[in-house]
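Colleague: I should like to learn how to read a structure of this kind. May we begin with the surroundings of a ligand?

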Amino acid sequence: MYIDISKINFGYDKNQLVLNDCTTGIEKGEIVAILGKSGSGKSTLLRILSGLEIPSNGEITIDNEIMVSNHHFVEPNKRQIGMVFQDYALFPHLNIMQNIQYGLIKKTKIEREKIALEMLDLISLNEKNTKYPHELSGGQQQRVALARALAPNPKMLLLDEPFSNLDKDLRKQIRQDLKRIMNKQNMSCIFATHDYEDAKDIANRILYLEDGKIVKIEKNI
Ligand SMILES: Nc1ncnc2c1ncn2[C@@H]1O[C@H](COP(=O)(O)OP(=O)(O)O)[C@@H](O)[C@H]1O
Ligand SMILES: [Mg+2]
């Protein structure tokens, strides 16, 4: 598997495991939904993948490279993982082009602009390049957040309940956009949601998280 998550144990409190021998794998280009009730540990699993929390046991590899094990820890900024959250977290004082270029500081100005233009094209917001976040709709802001996460060409993308703030119709539209964009980029993606419709609409596989364990895996065809 491109991403291997093996026997992850984690608790915020020593006496209570939030993740209990959590094991799964994700193929290159696959979209996997983590479906579970509020408090089931979805965000925690994403935080461990991104390196914001350290498991007490277990191992994660991406493309055969150890991210975390009992002996190794790769810092979050070295993992090449993109993240999108429910509240978009765009920088209000930066315009759309600048927001998308935010994670590209190591590139030259010309490279940064080239990538940002490609990303704008990908999310079909070319004409909005000089607008500021507050001038965009919720759905458009979510697409910009996605473009910003994809711009540094991460190895995988983590999405934590990215549609929670969107109304039902928009949600449906954005799900389709997201799926199209991910497939085009052949991006591996883990997507946490409590909404079965979200998972069913987008994911290649649905992993059911319950009491810190993956209790069921459903192939979505
Ligand atoms: N920073 C934290 N400190 C202590 N407990 C936490 C923290 N974050 C989450 N938890 C607890 O861990 C469990 C899993 O939370 P979380 O991963 O946020 O679940 P989900 O994203 O599925 O709603 C919950 O019981 C929650 O209360
Ligand atoms: Mg959560």
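Modeller: Certainly. Ala, Val, Leu, Ile, Met, Phe, Trp, Tyr, Cys and Pro count as nonpolar, Asp, Glu, Lys and Arg as charged, and the others, Gly among them, as polar. Please note also that this model is predicted.

Colleague: How many residues of the shell around ligand 1 are nonpolar, polar and charged?

Modeller: The shell around ligand 1 holds 2 nonpolar, 6 polar and 2 charged residues. Among those surrounding ligand 1 are Tyr12, Val18, Lys37, Gly39, Lys42 and Thr44.

Colleague: Which polar side-chain atom lies 2.5 Å from an oxygen atom of ligand 1?

Modeller: That atom belongs to Thr44. A polar backbone atom of Gly39 is 2.7 Å from an oxygen atom of the ligand. As for cover, ligand 1 taken alone exposes 560 Å², of which the protein buries 53%.

Colleague: Is helix α1 mostly covered or uncovered?

Modeller: A residue is called buried when its relative accessible area is under 20%. In α1, residues 42-50, 7 of the 9 residues are buried, so the helix is mostly covered. Lys42 and Thr44 are among the buried ones. After α1 comes Gly51, with a positive phi near 95 degrees.

Colleague: Which residues touch the most other members of the largest nonpolar core?

Modeller: In soluble globular proteins, nonpolar side chains tend to be buried together. Here the largest nonpolar core has 40 residues, and Ile100 and Leu146 touch the most other members. Helix α4, residues 138-150, gives the most to this core, with 6 residues. Apart from it lies another core of 27 residues, including Ile8 and Leu45.

Conventions
Residues numbered from 1 in each chain as written. Chains lettered and ligands numbered in written order. Predicted model: local features only at pLDDT ≥ 70, side-chain atom pairs only at ≥ 80, totals over all residues. Heavy atoms only, no water. Buried < 20%, exposed > 50% of the residue type's maximum accessible area, 1.4 Å probe, protein only. Helix = DSSP H or I, 4+ residues; strand = E, 2+ residues; numbered from the N terminus. Core = buried A, V, L, I, M, F, W, Y, C linked by side-chain atoms within 4.5 Å. Near = heavy atom within 4 Å. Polar contact = N/O pair within 3.5 Å; in protein donor to acceptor, adjacent residues only side chain to side chain. Areas by Shrake-Rupley, 256 points an atom, 1.4 Å probe, with all protein chains shown as cover.
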